[in-house]
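Please work through the following exercises on a single molecular structure. Each task is followed by a stepwise solution.

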Amino acid sequence: MTDTQTRAITKADVDKFLYGKHLTSCAVCGRFRSKCDLDVHTLSCQRGATADCSSSSTLDVLMIVCQNCGAIEFHDRGVVAKWLAAQQPTPVL
């Protein structure tokens, strides 16, 4: 079984996630999304130390860009990967 944290997430996977969550249009321009209307980039962000977290940590995010208006959305890559894994059919033994 592929680890959800290291599995590559494709543009088609992101499209499936957005449609599965009923995020079918750009929040800014309102244009209906299709597979050719967005760009997907993987980013790693470094979180700084906070009062309740003594060490910094890395957050992997997907940056989704609307090709119509350029609006940017960020989604936690781990959340998307877990959702995609949950959509896979369970093998029957």
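The exercises below treat a helix, a salt bridge and a nonpolar core.

The model is predicted, so local features require pLDDT of at least 70 and side-chain atom pairs count only at pLDDT 80 or more, while totals for chains, interfaces and linings use all residues. Residues are numbered from 1 along each chain as its sequence is written, and side-chain values use heavy atoms, with hydrogens and water left out.

**Exercise 1.** Determine which residues of helix α1 are buried.

Step 1. Helices are DSSP runs of H or I with at least four residues, and strands are runs of E with at least two, numbered from the N terminus; α1 covers residues 11–20.
Step 2. Buried means under 20% relative accessible area, exposed over 50%, and partly exposed in between (1.4 Å probe, protein chains only).
Step 3. D13, V14, D15, F17 and L18 are buried.

**Exercise 2.** Locate the salt bridge and state the burial of its partners.

Step 1. The criterion is a side-chain nitrogen of Lys or Arg within 4 Å of a carboxyl oxygen of Asp or Glu.
Step 2. Searching the whole structure yields 1 salt bridge.
Step 3. R31 pairs with D37, with 3.8 Å between the closest N and O atoms.
Step 4. R31 is partly exposed at 40% relative accessible area, whereas D37 is buried at 13%.

**Exercise 3.** Identify which element gives the most to the largest nonpolar core.

Step 1. Such a core joins buried Ala, Val, Leu, Ile, Met, Phe, Trp, Tyr and Cys residues through side-chain atoms within 4.5 Å.
Step 2. The largest has 11 residues, among them I9, F17, L62 and V80.
Step 3. At least two residues come from each of α1, β2 (57–66) and α2 (77–87).
Step 4. α2 gives the most, with 4 residues.
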